[in-house]
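Here's a set of exercises to work through with the model open beside you. Try each task before reading its solution.

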Amino acid sequence: MGDFKVVESINGDWRYHLAMVNGPDSLSLCGRPTMGSNLSMETWKKRPRGHLREKYCNSCTHRALVYEESKS
């Protein structure tokens, strides 16, 4: 999934989304408004949940997988 980057919800509630690497940080694959994040793709859904109860968008994951499958 090299075409994507991790972005964060603008609500400040520790929800993470995916966006296109060459696209703006302000819009996730699922259409939610977002902002940049310092998380790498290697941490997507692999990062242990801490006291912040981080959440990762299932819709973004699904859309990224569909995009990857369409390339092959």
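## Exercise 1: strand 1 and its partners

Phenylalanine 4 has methionine 20 of strand 2 as its bridge partner. Keep in mind that this is a predicted model.

**Task.** Starting from that pair, work out which strands pair with strand 1 and in which sense.

**Solution.**

Step 1. Follow strand 1, residues 4–9, alongside strand 2, residues 15–20: they run antiparallel and are joined by five bridges. Another residue pair to look for is glutamate 8 with tyrosine 16.

Step 2. Check how the chain gets from one strand to the other. Strand 1 and strand 2 make a hairpin with five residues between them. In the turn, glycine 12 has a positive phi of about 70°.

Step 3. Now look for a second partner. Strand 3 also pairs with strand 1, again in the antiparallel sense, over three bridges. Here glutamate 8 turns up once more, with methionine 35 as its bridge partner in strand 3.

Step 4. Finish with burial. Strand 1 is largely enclosed by the rest of the structure, because five of its six residues are buried.

## Exercise 2: the other partner of strand 2

**Task.** In what sense does strand 2 pair with strand 4, and which residue stands opposite arginine 15?

**Solution.**

Step 1. Find strand 4 at residues 55–56. Strand 2 and strand 4 pair in the parallel sense, over two bridges.

Step 2. Read across from arginine 15, and you land on lysine 55 in strand 4.

## Exercise 3: placing glutamate 8

**Task.** Is glutamate 8 buried or exposed, and what does it touch?

**Solution.**

Step 1. Locate it: glutamate 8 is in strand 1.

Step 2. Compare its accessibility with the cut-off. Buried means under 20% relative accessible area, and glutamate 8 has 13%, so it counts as buried.

Step 3. List the neighbours, leaving out residues up to four places away in sequence. Glutamate 8 touches Trp14, Arg15 and Tyr16, and also Thr34, Met35, Gly36 and Ser37.

## Exercise 4: the salt bridges

**Task.** How many salt bridges are there, and which residues form a network?

**Solution.**

Step 1. Count them: there are three.

Step 2. Take lysine 71 and aspartate 3, whose side chains meet at 2.6 Å, N to O. This pair links distant parts of the chain, 68 residues apart: lysine 71 sits in helix 1 (residues 58–71), and aspartate 3 in the segment before strand 1.

Step 3. Add glutamate 68, which forms a salt bridge with lysine 71 at 3.9 Å, N to O. These two are three residues apart in helix 1, so about one helical turn separates them.

Step 4. Put the pieces together: Asp3, Glu68 and Lys71 are linked in a network of salt bridges. As for accessibility, lysine 71 is partly exposed at 49%, aspartate 3 is partly exposed at 24%, and glutamate 68 is partly exposed at 22%.

Step 5. Turn to lysine 5 and aspartate 25, whose side chains form a salt bridge at 2.6 Å, N to O. The two are 20 residues apart, with lysine 5 in strand 1 and aspartate 25 in the loop between strand 2 and strand 3 (34–36). Aspartate 25 is partly exposed, with 35% relative accessibility.

## Exercise 5: core and pocket

**Task.** Which residues make up the largest nonpolar core, and which lie nearest the centre of the largest pocket?

**Solution.**

Step 1. Start with the core, which has eleven residues: Phe4, Val6, Tyr16, Leu18, Leu39, Met41, Trp44, Tyr56, Cys57, Cys60 and Ala64. At least two of these core residues come from each of strand 1, strand 2 and helix 1.

Step 2. Zoom in on cysteine 57. Not counting residues up to four places away in sequence, cysteine 57 touches Tyr16, His17, Cys30 and Trp44.

Step 3. Move to the pocket, where the space comes to about 190 Å³. Of its 13 lining residues, Ser9, Arg15, His17, Arg32 and Cys57 lie nearest the centre.

Step 4. Ask what supplies the lining. Strand 2 and strand 4 each give at least two residues, and strand 2 gives the most, with three.

Key. Residues numbered from 1 in each chain as written. Predicted model: local features only at pLDDT ≥ 70, side-chain atom pairs only at ≥ 80, totals over all residues. Heavy atoms only, no water. Pairing = 2+ DSSP bridges. Helix = DSSP H or I, 4+ residues; strand = E, 2+ residues; numbered from the N terminus. Salt bridge = Lys/Arg side-chain N within 4 Å of Asp/Glu carboxyl O. Buried < 20%, exposed > 50% of the residue type's maximum accessible area, 1.4 Å probe, protein only. Contact = heavy atoms within 4.5 Å. Core = buried A, V, L, I, M, F, W, Y, C linked by side-chain atoms within 4.5 Å. 1 Å grid on protein atoms, 1.4 Å probe; cavity = no way out; pocket = protein on both sides within 12 Å on 5 of 7 lines; lining within 4 Å. Points joined across faces, edges and corners; volume = space filled by probe spheres on them.
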